[in-house]
Amino acid sequence: MSAPRSRPGSQDLPAFWRQVAARLYNDGVSAPRTPDERAKSLIGRVLSDRYRLDGIVAMGSMGAVYRGFHLKMRKEVAIKILHPETEGFPDLVARFEREAIVGAHINHPNIAAASDMGSFDDGSYFLVLELVKGHTLRDIIDREGPLRPDRAIRVIRQLASALG
């Protein structure tokens, strides 16, 4: 077995991402696809014979959230998919499963309810959630700047209500 190839700047990455990079670059593939390319490649795919991935809502370091469609129920949903590299990190997968279980048992207007979860052959996990339409707090702050105190208080009350 050959030594893992290193990437420029890889010594600056947290240990988790160094392990992910080592796996990607040690599997005989000269250049793995980026998370963005991988996420885009899933658009149009059908999961578990019932969920179609229609577009990307958000990308994160551990996965992506898609706008999806439940083909049997004819309903829009959100689908969170962990990147396949996370398969080898049982703590992360356990956290994802806990999120799914807790999300399935919470009924609150300020929390997106979870309705299903599953996995792919490649080790990726997915979680189906209620699709919440609107703008993220990040979008609003990026567009409008810092929130006025009265608006910030309304947001904090909603957060506290969801956590309470």
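## Basis of the model

Residues count as buried under 20% relative accessible area, exposed over 50%, and partly exposed in between (1.4 Å probe, protein chains only). The model is predicted: local features need pLDDT of at least 70, side-chain atom pairs count only at pLDDT 80 or more, and totals for chains, interfaces and linings use all residues. Numbering runs from 1 along each chain as its sequence is written, and side-chain values use heavy atoms, without hydrogens or water.

The mean pLDDT (the predictor's confidence in each residue, from 0 to 100) of the chain is 81. A value of 70 or more is reached by 79% of the residues. Over residues 1-13 the pLDDT is below 50, and this stretch has 14 contacts (heavy atoms within 4.5 Å) beyond near neighbours in sequence. Residues 24-32 also stay under 50, with 15 contacts beyond four places in sequence. Where pLDDT is low, the predicted coordinates should not be read in detail.

## Chain and elements

The chain has 164 residues, of which 28% are buried. Its secondary structure comes to five helices and six strands, taken as DSSP runs numbered from the N terminus (helices H or I, at least four residues; strands E, at least two). The order from the N terminus is α-α-β-β-β-β-α-β-β-α-α, with one helix standing between the run of four strands and the later pair.

Among contacts with a separation of 6 or more, 40% join residues 24 or more positions apart. The accessible surface of the chain (Shrake-Rupley method, 1.4 Å probe; for residues, only the protein chains shown count as cover) comes to about 11000 Å². Carbon and sulfur atoms hold 54% of that surface.

## Nonpolar cores and patch

The largest nonpolar core (buried Ala, Val, Leu, Ile, Met, Phe, Trp, Tyr and Cys residues joined through side-chain atoms within 4.5 Å) has 13 residues. L47, Y51, L53, Y66, I79, I81 and F126 have the most contacts inside this core. At least two residues each come from strand 2, strand 3 (63-70), strand 4 (75-82) and strand 6 (125-130). Strand 4 gives the most, with three residues. Leaving aside residues up to four places away in sequence, I79 touches L47, Y51, R52, L53, A64, V65, Y66, G68, F126, L127 and V128. A second core, separate from the largest, has eight residues, including L82, F96, A100 and L129.

On the surface, I43, I56 and M59 make a nonpolar patch of about 210 Å². Patch residues have over 30% relative accessible area and no salt bridge; like charges are joined within 9 Å and nonpolar side chains (Val, Leu, Ile, Met, Phe, Trp, Tyr) within 5 Å. M59 lies in strand 2 (residues 51-59) and, at 34% relative accessibility, is partly exposed.

## Salt bridges

The whole structure has nine salt bridges, each a side-chain nitrogen of Lys or Arg within 4 Å of a carboxyl oxygen of Asp or Glu. One of them pairs R50 with D116, with the closest N and O atoms 2.7 Å apart. R50 sits in the loop between strand 1 (46-47) and strand 2, and D116 in strand 5 (residues 114-119), so this pair ties together parts that are 66 residues apart in sequence. R50 is partly exposed, with a relative accessible area of 25%.

Another bridge joins E99 and K80, where the closest N and O atoms are 2.8 Å apart. This pair links distant parts of the chain, 19 residues apart: E99 is in helix 3 (residues 90-104) and K80 in strand 4. Both ends are partly exposed, E99 at 33% and K80 at 24%. The bridge between D142 and R138 has its closest N and O atoms 3.0 Å apart. D142 and R138 both belong to helix 4 (residues 137-144), four residues apart, or about one turn of the helix. D142 is exposed at 54%, and R138 is exposed at 52%. R143, E144 and R151 are linked in a network of salt bridges.

## Positive phi

Most residues other than glycine have a negative phi. D49 departs from this with a positive phi near 60°. D49 is placed in the loop between strand 1 and strand 2 and is exposed, with a relative accessible area of 63%.

R74, also not a glycine, has a positive phi of about 55°. The loop between strand 3 and strand 4 holds R74, which is exposed at 67% relative accessibility.
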